[in-house]
Amino acid sequence: MRKNLNNKRMTIQSKWVWLAYLLPMCSTAIGADWVSMFNGEDFTGWVQRGGKAKYHIEDKMIVGTTVKGTPNAFLCSARDYGDFILELEYRVDPQMNSGIQIRSESKPAYHNGVVHGYQVEIDTSQRAWSGGIYDESRRGWVNDLSNNEAARNAFKQNEWNHYRIQAIGDSIKTWVNGVPAADLRDAQTLTGFIALQVHGTNMDKPMEIHWRNIRIQDLGKHSWKPLFDGQTLDGWHAIPGGKWEVLDGVVRGISEKSEKRHGLLVTDGIFKDFTVRAQFKVTKGDSGFYFRVDESKNQVGVHGFQVEIDTSYETGGLYETGGRGWVVQHAPDKKTPWYRKDKWNDLVVSAHGRRTSVRVNGHKSAELMDDPGRSSGHIALQLHGGQDMLVEYRQIEILTKD
């Protein structure tokens, strides 16, 4: 099916849908009650996955004990959670490694059911990354504490430690004994179970970790809602040149080298704080995923931030059209093995306040902290002028509170 853009503006109904997207993602839930996740008597509501470490109950505490030669073991909540605040206390053997899984999964199709997902680290080593976030059996470290000395010093050996873990939308924050630790923007997984990990070991001597006062505030969840309906370009309008069309659920942009103007497909709505994702594939030319932009009357069409999207190492960098130019540019000799040329790639852009984070295929390709630049504007797709262009986008979605 092929449909050409007719510059149709929003209906009254669709305007209200777009206005809903402009509301900031909720950071707290008024009236959410604390609920204990452990009844102190048995493992109702929990299930063990992975290795054969031993879990037992002692004085209303959960005790995990290592077993030599067995893989990582996980005591998992029987239900999944999306947005939440989790608090607990633990005391761990100083030679042991452990962690708290959040938004985690175990699926037969993924490495035969191995537990994978975000883990809030319990690290007793000299590295002292307790409270950092590790992506278990998937990407590895996504927010270590190498640049957070205060958090590294907050963990207490041989004592009870308190964790606070807050997951809301694509924001995950942790505190160790009241000290801010990890602060991650990542939308790889939005829901999943919570689990208490006992790390595998080759040591003969059994080691123990004790958990107590495990409680949670369930804040609902976020999910992805379409900005592109897969059939039409309703809610978008074009700035010449080039041509945009919908073909088999894909937004397809084409332009010839003789066209000097940038061709833009621009949202009718304006966005402030948001997280969006899309898939893209570049066959020819230089494209870009614009955000927080204003329309202009010159040949570039808009002024604002652009995630670079082309066939080169620059993909995933950040450029400010009509402003500072490159704000995050990859070095020419930097390898980008996470970028799949001539194939579909996943893009996630998170822009909240003065912080912007860009991920391509799960890899953080650019980040701005406390940036003085633009704070709101349109989202747009680019066809670069003066080039032969063929670029495709699909599954363009925005993260919203259910």
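Strand β25, residues 318–321, is joined to β26 by 3 bridges, and the two run antiparallel. One of the residues involved is Glu320, whose bridge partner in β26 is Gly325. Keep in mind that this model is predicted.

Now step back to the sheet around this pair. Strands of a sheet pair through backbone hydrogen bonds, either parallel or antiparallel. Here, 7 strands make an open sheet, and their pairing is antiparallel. The order is β18-β21-β30-β23-β24-β25-β26. Why do β18 and β26 each have one side without a neighbour in the sheet? Both stand at the edges, β18 at 236–239 and β26 at 325–328, and each has a single partner strand, so one side stays free of a neighbour. Neighbouring strands of this sheet are also turned against each other, by 25 degrees on average, direction ignored.

Next, look for the nonpolar cores. The largest one has 43 residues. Leu86, Ile100 and Trp211 have the most contacts inside it. Strand β7, residues 84–92, gives this core its largest share, 5 residues. Take Ile100 as an example. Leaving out residues up to four places away in sequence, Ile100 touches a set of residues that includes Leu86, Leu88, Tyr118, Val120, Ile165 and Trp211. Another core lies apart from this one. That core has 38 residues, among them Phe291, Ala351, Met389 and Tyr393.

Aromatic rings come next. The whole structure holds 13 aromatic pairs. In one of them, Tyr134 and Trp141 meet edge-to-face, at 5.3 Å centre to centre and with 75 degrees between the planes. Are these two residues buried or exposed? Tyr134 has 27% relative accessibility, so it counts as partly exposed. Trp141, at 26%, counts as partly exposed too.

Phe289 and Tyr393 form a pair that is tilted, because their planes stand at 50 degrees; their ring centres are 6.5 Å apart. Phe289 belongs to strand β23 (residues 287–295) and Tyr393 to strand β31 (residues 389–401), so the pair ties together parts that are 104 residues apart in sequence. Both Phe289 and Tyr393 are buried. Rings can also gather in a group: Phe271, Phe274, Phe291 and Phe305 form one aromatic cluster. Phe291 is also among the residues of the 38-residue core.

Finally, find two arginines that lie over rings. The charged end of Arg138 sits over the ring of Tyr118, 5.8 Å from the ring centre. Tyr118 is one of the residues that Ile100 touches. Arg164 lies over the face of Trp175, at 5.8 Å from the centre of that ring.

Definitions and conventions
Residues are numbered from 1 along each chain as its sequence is written. This is a predicted model: local features need pLDDT of at least 70, side-chain atom pairs count only at pLDDT 80 or more; totals for chains, interfaces and linings use all residues. Side-chain values use heavy atoms; hydrogens and water are left out. Two strands pair if DSSP finds at least two bridges between them. Helices (H or I, at least four residues) and strands (E, at least two) are DSSP runs, numbered from the N terminus. Axes are lines fitted to C-alpha atoms, for helices over the stretch in contact, and angles run from 0 to 180 degrees between N-to-C directions. A nonpolar core is a set of buried Ala, Val, Leu, Ile, Met, Phe, Trp, Tyr and Cys residues joined through side-chain atoms within 4.5 Å. Buried means under 20% relative accessible area, exposed over 50%, partly exposed in between (1.4 Å probe, protein chains only). Contact means heavy atoms within 4.5 Å. Rings of Phe, Tyr and Trp (its six-membered ring) pair if their centres lie within 6.5 Å; planes under 30 degrees apart count as stacked, over 60 as edge-to-face and the rest as tilted. A charge sits over a ring if NZ of Lys or CZ of Arg is within 6 Å of the ring centre and within 35 degrees of the ring normal.
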